[in-house]
Amino acid sequence: MPISERQQHMACMKLGSKPEAFHREGHTWFCTTGLPSDVAVEIGEMSFNLHKFPLLSRSGLLEKLIENCSNEDGSHCVLQLHELPGGAKAFELVTKFCYGVKIELTSLNIVSLRCAAEYLQMNENYGEGNLIAQTEGFLNEVFSNWVDSIKALGTCEVLPYAEDLHIVSRCIDSLAMKACADPILFGWPVSGCTNVQSPAGVVLWNGISTVNKPQSVREDWWYGDVSFLSLPFYKRMMQAVELRGMKPERVAGSLIFYAKRYLPLMNRQSSFKDTNHVNPGTTIPTPSEADQRALLEDIVDLLPNRKGVTSTKFLLRLLRTAMILHTSSLCRENLERRVGAQLDQAVLEDLLIPNMGYSVETLYDIDCVQRILDHFMSVENTAVATASPCIVEEGKLMDGPDFLTPVMLVANLVDGYLAEVAPDVNLKLPKFQSLAAAVPDYARPVNDSIYHAIDLYLKAHPWLIDSEREQICRLMNCQKLSLEASTHAAQNERLPLRVIVQVLFFEQLRLRTTVSGWFFVSDNLANSQDPNDNLGIPKTDGSHQVDPEQDHGAGVDDMRERVLELEKECLSMKQEIQKLVKMKRSWNIIPKMLVFRQKSQRCNSKKSRPGDVKTPLYSSNGHQNHEHAFAGE
C-alpha cells in the first residue's frame with residue numbers, strides 16, 4: 001500500500017492558541033493585528049511585513065540582525081534570510097509560532113521547521129518551550145512510527161542542514177530497526193499489515209467466542225516504502241539494515257525491488273526470444289542513462305556476496321543491462337564472477353545475452369559466457385582439489401560426491417548453449433572449441449547433447465575442411481553416444497570418415513560385451529538350475545513328465561548357436577572396417593555394415609525378457625529428446 005493511502009496514521013502536534021492573524025497579497029504577507037509593521041523579512045520572492053518584538057523575543061539570530069539594522073531614528077528595518085532552511089514556507093510557520101498563532105506540526109514539515117529553528121537560534125535562552133525544544137520532542141514521536149519516518153526522511157533530501165543536525169542518520173537508524181524487527185510485535189502501521197476484525201471484535205462459532213487474529217506480515221512488507229527514497233538515502237538504509245544483522249536474502253530482495261523500479265531495461269526482454277516487457281501501467285519516470293548507470297553500479301556493490309542469495313536469473317539480467325548502459329568494466333567483471341559462482345543455477349534463455357559490443361561478430365556474446373564458464377570451472381576445480389586430494393576413477397566420479405553435480409548441470413547448460421549459437425555463421429571454430437572444451441569429459445556421462453551441437457555447427461559451416469571437421473569432432477566421446485545418437489552418426493554425411501568408423505567400432509565393442517554377458521549368464525544359469533549334474537548324482541526316471549531341465553538345455557544350445565553366428569558377423573564387420581580404412585572407399589559401404597546392426601537388434605529383441613524397460617535418452621535441462629533432435633538431420 002503506498003504511503004499516501006495511509007494518511008490516517010500520520011502523527012500530528014498542535015502549537016499556539018490564537019486565531020489566524022496573517023493574510024497574503026501576492027508575494028507579500030501582512031499581519032492583521034492593526035499595528036504598523038516595523039521590520040520586513042525577505043526570503044526569495046516572498047516578503048513578510050512584521051513587528052520586531054515578537055521576533056527578537058524568540059530568535060537569537062533575528063535579535064542580532066534587528067539590532068544591527070536599526071537606525072537612531074527607528075525607521076523601518078529590512079532583513080534578508082535567503083539561506084533559511086525550508087525557505088518562505090518554513091518561515092511562515094516560524095512567524096506564526098512567534099505570534100502564538102495556531103500551527104500544526106506533521107511529519108512533512110517537522111524537518112524543515114526543526115532546521116529553521118536551529119538556524120534562527122530559537123533555543124531555551126529566548127523563552128521556555130521554544131521552537132527547537134518543541135520540534136525536537138515531536139521528532140522523537142515521528143521516529144517511533146514507520147510511516148512518519150519514511151515521510152520525514154523524504155523531506156530531508158532538499159534540506160542539507162538536516163545532515164548537520166543528524167536528523168537523517170537518526171531517521172535511517174529508526175527505519176532500519178523497524179525493518180529488522182517484527183512490526184506486529186510493536187504495533188507499527190506498515191504495508192501489508194492490517195488488523196482485520198469483525199464489527200463486534202469477536203466471532204461466534206458453535207457458541208464459542210473467539211477473537212480474530214491479525215494477518216501475518218510478509219518479510220518484504222518494507223520494500224515498497226523504501227523504494228521511494230533517493231539513491232543516497234536508500235544506500236544508507238541498506239547498509240544500516242545489514243549492520244543490524246538482517247538476512248542477506250531480505251537485503252537482496254529489497255535491492256531487486258529497487259532495481260526493477262528504476263531500471264526499465266530490467267523488465268524488458270532479456271534475449272531475442274524473450275517477449276516479457278515492462279508493465280504498461282507503470283508510471284515511474286524513467287531516469288537518465290547516466291543516473292541508471294550510477295544506480296546499477298551501486299546496486300551491484302550493495303548485493304550480498306554469499307552464493308545463492310541473489311538469483312542467477314536476476315544477476316544475468318543485471319549483467320545484460322550493464323552492457324547496454326556501458327557501465328564500468330569493474331562492475332561487469334563483478335557480475336560475471338557472481339554468475340560464474342552459481343552458474344549451475346542458470347537456465348539457457350537467460351544465458352543468451354545479445355552481443356552489445358561495438359564490433360558485433362556473433363549474435364550472442366560468446367566471450368562473456370566463456371569468462372563466466374572459466375570462473376565457474378576455477379571455483380569447482382578448487383573445490384574438487386580441496387574435497388578429494390586422491391585420484392578416483394572416472395566411473396566412480398560420476399556416481400560419487402555431490403560436488404560433481406553442479407559440473408554436470410553446467411555441462412548440460414553449455415551443450416544447450418552451443419546448440420543455440422552453433423547455427424551462427426559468424427561463430428569461429430576456436431570459440432566453439434574453447435567453450436565446449438572448458439567442461440571436463442567426466443561431466444558428460446552421455447555425449448548426445450554435444451554431438452547435437454557439433455552436428456548443427458557442421459551443418460551451418462559446410463566450408464570447413466576435413467582437418468577442421470576432425471578437430472571439432474574430438475570434442476565428443478564416441479563411446480558415450482546413445483543408441484539413437486550412434487545410429488544417426490553412422491549415417492551422418494557431415495561427419496569425417498574416421499569418426500564414423502570410430503562410432504561403428506565402439507558399437508561393435510558394445511555388442512561383443514553384450515554377447516559375452518549373455519553367454520556368461522546363460523552358462524551360470526544352467527549350472528545353478530542343475531545342481532545334481534554338478535555333484536555327479538544320477539537322475540531317477542520315475543516320472544513320465546517332460547524334464548524342464550532338458551527344455552532349458554535346448555534353449556541354451558540354441559543361444560550358443562546364435563552367439564557363434566553373431567561372432568561370425570562381427571568378424572565380417574571388422575574386416576569390412578579395415579578395408580574401409582585402408583582403401584578409403586566411398587560412403588556406399590556403410591549401409592552394408594548397418595545390416596549387421598539390424599540383425600543384432602532383432603536378436604536382442606528375441607532374447608530380451610518381457611520385463612525389460614528401454615533406457616530413456618539422456619536429456620539436458622529439459623531440452624528436446626535426441627531421438628527427435630537427430631531425426632531428419
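Student: Among contacts in the chain between residues at least 6 apart in sequence, what percentage joins residues at least 24 apart?

Tutor: That percentage is 72%, where a contact means heavy atoms within 4.5 Å. The model is predicted: local features need pLDDT of at least 70, side-chain atom pairs count only at pLDDT 80 or more, and totals for chains, interfaces and linings use all residues. Numbering starts from 1 along each chain as its sequence is written, and side-chain values use heavy atoms, leaving out hydrogens and water.

Student: How many helices and strands are there in the chain?

Tutor: The chain has 28 helices and 9 strands. Both are DSSP runs numbered from the N terminus, a helix being H or I over at least four residues and a strand E over at least two.

Student: Why do strand 2 and strand 6 count as standing at the edges of the sheet?

Tutor: The open sheet has 5 strands in the order 2-3-5-4-6, with mixed pairing; two strands pair if DSSP finds at least two bridges between them. Strand 2 (22-25) and strand 6 (77-80) each have a single partner strand, so one side of each lacks a neighbour in the sheet. From one strand to the next, the twist averages 20 degrees.

Student: What makes strand 4 and strand 6 a pair?

Tutor: They share 4 bridges, in the parallel sense, against a requirement of at least two. Ala 40, for instance, has Val 78 in strand 6 as its bridge partner. Helix 3 (residues 87-99) packs on this sheet, touching strands 2, 3, 4 and 5, and its direction makes about 10 degrees with that of strand 5. Such angles run from 0 to 180 degrees between N-to-C directions, and axes are lines fitted to C-alpha atoms, for helices over the stretch in contact.

Student: Why is the pair of Tyr 234 and Tyr 258 called stacked?

Tutor: Rings of Phe, Tyr and Trp (its six-membered ring) pair if their centres lie within 6.5 Å; planes under 30 degrees apart are stacked, over 60 edge-to-face, and the rest tilted. Here the centres are 3.9 Å apart with 10 degrees between the planes, so the pair falls in the stacked class. Tyr 234 is in helix 11 and Tyr 258 in helix 12, 24 residues apart.

Student: Why is the pair of Tyr 258 and Tyr 262 called tilted?

Tutor: Their ring centres are 4.8 Å apart and their planes stand at 50 degrees, so the pair is tilted. These two tyrosines are 4 residues apart in helix 12, about one helical turn.

Student: Is Tyr 234 buried or exposed, and how do you know?

Tutor: Buried means under 20% relative accessible area, exposed over 50%, and partly exposed in between (1.4 Å probe, protein chains only). Tyr 234 has 0% relative accessibility, so it counts as buried. Tyr 258, at 3%, is buried too. Glu 484 has a relative accessible area of 17% and is therefore also buried; this residue lies in helix 23 (residues 483-490).

Student: What makes Arg 261 lie over the face of Phe 228?

Tutor: A charge sits over a ring if NZ of Lys or CZ of Arg is within 6 Å of the ring centre and within 35 degrees of the ring normal. Arg 261 is at 4.8 Å from the ring centre of Phe 228, so the distance satisfies the 6 Å limit.

Student: At what angle do helix 6 and helix 8 pack?

Tutor: Helix 6 (residues 146-155) and helix 8 (residues 167-180) pack at about 145 degrees, with axes 10 Å apart. Residues that meet include Trp 146 and Leu 153 in helix 6, and Val 168 and Leu 175 in helix 8.
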